[in-house]
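Let's take a walk through this structure together, one region at a time. Have the sequence and the coordinates at hand as we go.

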Amino acid sequence: MKIDVFTLFPQMIQHYTDESIIKRAQDAELVSIKAHNIRDFARDKHRVTDEPPYGGGGGMILKPAPIFEGVESVTAEANAPIILLTPQGRVFNQQIAQELAQYNHLVFLCGRYEGVDERVRQHLVTDEISIGDYVLTGGELGALIVIDAVTRLIPGALGAEGAAETDSHATGLLEGPHYTRPETFRGHTVPDVLKSGHNANIERWRREQSLRRTWQRRPEMLLTAELSEEDRRFLAVLAREQVERRE
Ligand code: ADE
């Protein structure tokens with residue numbers, strides 16, 4: 001996958017993507033991430049990228065020309081989504097990460113200041129994504145979050161084969177707890193079933209922990225998760241437990 005990011009602060013993108021799993025994925029040529037400075041596409045002497053808004057009001061607006069020219073310099077792939085990071089976009093989640101992971105090429109545009117000229121939105125951008133209902137100083141962190149979530153879905157990007165399939169949210173449920181050595185830490189022990197070597201029991205225990213955690217923390221996720229008869233029976237047990245605690 002090829003990823004191009006347009007920003008006034010390319011080093012913000014560079015620093016994060018040059019470490020850990022995303023760096024390894026780039027070294028393995030699974031993904032190639034390039035951060036471009038919008039300023040490099042401003043043609044005037046002072047390389048101006050922003051101006052005050054028509055009609056007055058506070059703040060500065062990113063000018064359309066450098067953004068159009070920058071993005072047009074890389075979009076060889078006709079169907080590559082051109083994604084603006086903005087608090088007005090659709091709210092990012094694992095499903096959107098999976099959708100974006102299907103493309104060969106993604107283009108991200110990071111807004112700054114009061115935003116971008118509306119013509120960028122209307123005539124260049126094909127998708128708008130928000131990373132949550134709060135306002136940041138710019139789109140760079142948003143772009144990094146989306147790039148991180150998408151990159152780890154590319155087959156081979158995570159070391160352990162299949163690890164992404166069992167993640168919280170990937171299954172429609174939250175993941176249950178994990179333990180590693182030592183067996184007893186400050187008097188707290190690892191559940192016996194995990195040391196039993198009985199794979200079917202371990203799998204069932206993990207599934208039930210996952211269901212229990214989702215029930216406790218994000219019950220609305222259970223409405224859309226794929227559940228077996230056995231899962232539903234276990235959820236009925238949790239519901240009964242809750243009623244009994246209230247009595
Ligand atoms: N830029 C500023 N705030 C943002 C948000 N919440 N999501 C994406 N981009 C942003």
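A good place to begin is a pair of packed helices: H7 passes H8 in a right-handed crossing. Bear in mind throughout that this is a predicted model. Helix H7 covers residues 199-217 and helix H8 covers residues 229-246; their axes lie 10 Å apart and the angle between them is about 50°. H7 and H8 are therefore oblique to each other. As a reminder, two packed helices are described by the angle between their axes and the distance between the axes.

The same description works for another pair. Helix H1 (residues 10-17) and helix H6 (residues 140-151) have axes that come within 10 Å and cross at roughly 30°. That angle makes H1 roughly parallel to H6, since angles under 35 degrees count as roughly parallel. The crossing of H1 past H6 is right-handed.

Now turn to the ligand. Which residues are around it? From one part of the sequence come Leu85, Thr86 and Pro87; the others are Ile129, Ser130, Ile131, Gly132, Tyr134, Val135, Leu136 and Gly138. Sorted by character, this shell holds 7 nonpolar residues, 4 polar ones and no charged ones.

The backbone takes part in several polar contacts here. A backbone N or O atom of isoleucine 131 lies 3.0 Å from a nitrogen atom of the ligand. For glycine 132, a polar backbone atom is 3.1 Å from a ligand nitrogen, and for tyrosine 134 the corresponding distance, again from a polar backbone atom to a nitrogen of the ligand, is 2.8 Å. How much of the ligand does the protein bury? Taken alone, the ligand exposes 270 Å², and the protein buries 96% of that. Two elements give two or more residues to the surrounding shell, strand E5 (82-91) and strand E8 (127-130). The largest share, 3 residues, comes from E5.

Let's finish with the backbone in two loops. Most residues other than glycine have a negative phi, and most peptide bonds are trans. Arginine 47 is not a glycine, yet has a positive phi of about 50°. You will find arginine 47 in the loop between strand E2 (32-37) and strand E3 (50-51). The other spot to look at is the peptide bond from arginine 181 to proline 182, which is cis, with omega near 5°. Proline 182 sits in the loop between H6 and strand E9 (184-185).

Methods: Residues are numbered from 1 along each chain as its sequence is written. This is a predicted model: local features need pLDDT of at least 70, side-chain atom pairs count only at pLDDT 80 or more; totals for chains, interfaces and linings use all residues. Side-chain values use heavy atoms; hydrogens and water are left out. A residue is near a molecule or strand if one of its heavy atoms lies within 4 Å of it. A polar contact is a pair of N or O atoms within 3.5 Å; within protein, one must be able to donate a hydrogen and the other to accept it, and residues adjacent in sequence count only if both atoms are side-chain atoms. Accessible areas come from the Shrake-Rupley method with a 1.4 Å probe; for residues, only the protein chains shown count as cover. Helices (H or I, at least four residues) and strands (E, at least two) are DSSP runs, numbered from the N terminus. Ala, Val, Leu, Ile, Met, Phe, Trp, Tyr, Cys and Pro count as nonpolar, Asp, Glu, Lys and Arg as charged, and the others, Gly among them, as polar. Axes are lines fitted to C-alpha atoms, for helices over the stretch in contact, and angles run from 0 to 180 degrees between N-to-C directions. Angles under 35 degrees count as roughly parallel, over 145 as roughly antiparallel, 65 to 115 as roughly perpendicular and the rest as oblique. A crossing is left-handed if the near helix is turned anticlockwise from the far one by less than a right angle, and right-handed if clockwise.
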